[in-house]
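Please find below a reviewer's note on the model, set out as numbered points. It moves from the whole chain to single residues.

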Amino acid sequence: MARIAHTAGHLTGMLLIAMPGMPDPRFARSVIYLCAHSAEGAMGLVVNQIAPGVSLPRVVEQLGIRPEIDLSGLKVHVGGPVETGRGFVLHSPDYVQESTLVIDDRFALTATVDVLKAIAEGGGPRRKVFALGYAGWAPGQLDAEIQANGWLVAPADEELVFGGEDESKWQRALARLGVDPASLSTTAGRA
């Protein structure tokens, strides 16, 4: 069953699932993995939006990396509207460098060119999502958006984050919570 809120640990390592009435079109039908959430704010990566016209082979070429393997099957995601020229790799924790943020026993985040070099050489993390940009929230902002009925919160699932078709991740995330998108209200209420 889904945990809706953490206490002292906040929401780090959870998924945000956009409600159908999400007012910000950049996040409509998005699924975001929360890499960090604390009193200082929050940071996450959208894991279900493909960057149009951007390919991983082109990105690594622009960085001067010569791939030793075919990278054409790896997609580039729109991680969010902040720092859209900066790359992030959300990945399995089987790849850890000094700069890697290990989030938990299933997810880690690396934002250096070293992880791309390792991937281009045929190594690096076993499972990965490459994203340009990230989603960020000021202190208290995400909590207010959740209370205003902008997001559902769910436990992160490796198969959902790393696997399957990106176009179906939003619906699959809702289905894992037992939620039918048609039954969701776009207005918040008070009990």
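1. Throughout this note, a contact, or one residue touching another, means heavy atoms within 4.5 Å. The model is a predicted one, in which local features need pLDDT of at least 70 and side-chain atom pairs count only at pLDDT 80 or more, whereas totals for chains, interfaces and linings use all residues. Residues are numbered from 1 along each chain as its sequence is written, and side-chain values use heavy atoms, with hydrogens and water left out.

2. On the overall fold: the protein chain has five helices and nine strands, where helices (H or I, at least four residues) and strands (E, at least two) are DSSP runs numbered from the N terminus. Read from the N terminus on, the order of the elements is β-β-β-α-β-β-β-β-α-β-α-β-α-α. Of the contacts with a separation of 6 or more, 66% are between residues 24 or more positions apart.

3. On overall dimensions: the radius of gyration of the protein chain is 17 Å, which agrees with the value near 16 Å that a compact globule of 191 residues would have; the radius is taken over C-alpha atoms, and the globule rule is 2.2 Å times the number of residues to the power 0.38. Along the principal axes, the C-alpha atoms fill a box of roughly 55 × 30 × 30 Å.

4. On the surface: the protein chain exposes about 9,700 Å², of which carbon and sulfur atoms supply 52%, the areas coming from the Shrake-Rupley method with a 1.4 Å probe, and for residues only the protein chains shown count as cover. Of the 191 residues, 42% count as buried, where buried means under 20% relative accessible area, exposed over 50%, and partly exposed in between (1.4 Å probe, protein chains only).

5. On the main core: a nonpolar core is a set of buried Ala, Val, Leu, Ile, Met, Phe, Trp, Tyr and Cys residues joined through side-chain atoms within 4.5 Å. The largest has 42 residues, and those that touch the most other members are Tyr33, Leu45, Leu90, Trp137, Trp151 and Val161. The elements giving two or more residues to this core are β1 (14-18), β2 (31-38), β3 (41-46), β5, β8, β9 (151-155), α4 (158-162) and α5. Apart from this core lies another, of 16 residues, among them Val59, Ile65, Val115 and Ile119.

6. Which residues does Val161 touch, not counting residues up to four places away in sequence? They are Leu15, Tyr33, Val47, Leu90, Phe107, Val129 and Lys169.

7. Lys169 deserves a look by eye. This residue lies in helix α5 (residues 169-176) and counts as buried because its relative accessibility is 1%. Leaving aside residues up to four places away in sequence, Lys169 touches Val31, Val47, Asn48, Leu160, Val161, Phe162, Gly163 and Gly164.

8. On Glu159, in helix α4: this residue counts as partly exposed, since its relative accessibility is 43%. With residues up to four places away in sequence not counted, Glu159 touches Arg127, Gly164, Arg172 and Arg176.

9. On helix α2 (residues 113-120): its buried residues are Val115, Leu116, Ala118, Ile119 and Ala120, and they pack against α1 (56-62), β5 (82-91), β7 (108-110) and β8 (128-137). Gly122, which follows α2, has a positive phi near 95°. In the loop between β7 and α2 lies Thr112, which counts as partly exposed at 27% relative accessibility; its C-alpha is 7.3 Å from that of Ser99, with the two positions 13 residues apart in sequence numbering.

10. On backbone angles: two residues other than glycine should be checked. Arg29, in the loop between β1 and β2, has a positive phi near 55° and is partly exposed, with a relative accessible area of 42%. Glu83, found in strand β5, has a positive phi of about 50° although it is not a glycine, and is partly exposed, with a relative accessible area of 42%.

11. Is Gly44, in strand β3, buried or exposed? At 0% relative accessibility, Gly44 counts as buried. Not counting residues up to four places away in sequence, Gly44 touches Ile32, Tyr33, Leu34, Cys35, Gly79, Tyr134, Ala135 and Trp137.
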